[in-house]
Amino acid sequence: MSAVPRVLLLTPDYPPVRGGIQYLLGGIVRHATRVHFAVVTFGEREGVVDEDGVRTRRVRIRGPRGASIARLNAAGLAEIRRWRPDVVLSGHIVAAPAARVGGVPFVQYLYADEMVRRPRLAAFAVRHAVISIVLGEHGAALVRGAGAAPARIRIIAPGVDLPAAPATTPRDRAPLIVNVARLEDRYKGFEVLVRALPLIRSQVPEATLTLVGDGRLRASLEAVARANGCGDALRCVGGVCDAERDALLGAATVFAMPSRVPRGSGGEGFGIVYLEAGAHGTPVVAGKAGGAMDAVSDGQTGLLVDPEDHVAVAEAISSLLLDREEATRLGQGGRARAERCAWPVVVGEVEDVLLEAIGR
């Protein structure tokens, strides 16, 4: 083993592209202290660059997705042979083939949806990985279903950046509901949330809903709000910078994302944004389904409700808009949970797994 253990991260998902997996894997590399990372991933330009002290080999996406994935695996295998890492961290099951034949142990990160949509590849990954890392009990159940032995599964929650302690509490804020997600996946419950808005306004007339993120669903959501007489209460701000997103999370009375698990999907793997809301002292309303149940502690950091029932969603949100003391209590619980998932804590757990894999 190298004096400082070498870890090659092989993944199609990595910053500067935005997304939950990108945020997670980028944070691990950025905060690692006991291992030395190199990265093979996609990028707009082909080549090897030094990105903040990390050797990063970028593979340009060209042609069909499958062909690009094959080229990513080929580049990963070449990097394994050139750099000779002590362990490979496969950031997605599509990277498992190169990790498997590279001749060094590998650790597999798994989330949820990919295990349901690509069961054969997921089974291949967990069968050959020394250890599989999942984000919560929802993912662990899926990995066990894919054939992983329980002794080779590790549950590690995602990391989160902690802002300064919230300057205000929910009782001080205007009645603002915020959701942060790309407006692409219906399972995140955007339409249920918009359909709940008239019922919320009947209890709290000044309540507004801000959707942070853009995507193909935006126009239809705005149309639903107008049809329900709440067009003026819905604000779609599109994609924003991190500072503006954080400001909105900090200003919100409630963060709401009633995700569900539709047939043929793994649903929410965890939902890092639930932790991010909690880090700002903002209570959460989430769907009682999938990985959201790992991210949100019902009655402690937020409320879990039937994600298919817009009436239940409206009642939960309204209760927190009307009872600011309860909202404050849940927000404080969310902050405490986020502190337990601060990057130094989470990355330390990931490094423990990587070192264990090397030892095996």
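**Close-ups of a predicted model**

**View 1. Helix α1 and what its buried side packs against.** The buried residues of α1 pack against four strands, β1 (6-10), β2 (36-43), β4 (54-60) and β6 (106-109), and against two helices, α10 and α14 (343-359). This is a predicted model, so keep that in mind for every view here. Which residues of α1 are the buried ones? Look for Q22, L24, L25, G26, G27, I28 and V29. You can also check the length of α1, which runs over residues 20-31: at 1.5 Å a residue, its 12 residues should span 16 Å, and the end C-alpha atoms sit 17 Å apart, so the two agree.

**View 2. Helices α7 and α12 packed together.** Two packed helices are described by the angle between their axes and the distance between the axes. Here α7 (residues 190-203) and α12 (residues 310-322) pack at about 45 degrees, with axes 8 Å apart. That angle is neither under 35 degrees nor in the range 65 to 115, and the pair is therefore oblique. The crossing of α7 past α12 is right-handed. On the α7 side, V192, L193, R195, A196, L199, I200 and Q203 take part, meeting H310, V311, V313, A314, I317, S318, L321 and L322 of α12.

**View 3. R260 and its surroundings.** Find R260 in the loop that links β12 (254-257) to α10 (272-279). Where does its side chain reach? It gets to the backbone oxygen of R186, at 3.3 Å. Setting aside neighbours within four places in sequence, R260 also touches Y187, G189, V192, G267, A289, P307 and E308, along with R186 itself. One of these contacts, V192, turned up in View 2 as part of α7.

Notes:
Residues are numbered from 1 along each chain as its sequence is written. This is a predicted model: local features need pLDDT of at least 70, side-chain atom pairs count only at pLDDT 80 or more; totals for chains, interfaces and linings use all residues. Side-chain values use heavy atoms; hydrogens and water are left out. A polar contact is a pair of N or O atoms within 3.5 Å; within protein, one must be able to donate a hydrogen and the other to accept it, and residues adjacent in sequence count only if both atoms are side-chain atoms. Contact means heavy atoms within 4.5 Å. The expected span of a helix is 1.5 Å times one less than its number of residues. Buried means under 20% relative accessible area, exposed over 50%, partly exposed in between (1.4 Å probe, protein chains only). Axes are lines fitted to C-alpha atoms, for helices over the stretch in contact, and angles run from 0 to 180 degrees between N-to-C directions. Angles under 35 degrees count as roughly parallel, over 145 as roughly antiparallel, 65 to 115 as roughly perpendicular and the rest as oblique. A crossing is left-handed if the near helix is turned anticlockwise from the far one by less than a right angle, and right-handed if clockwise.
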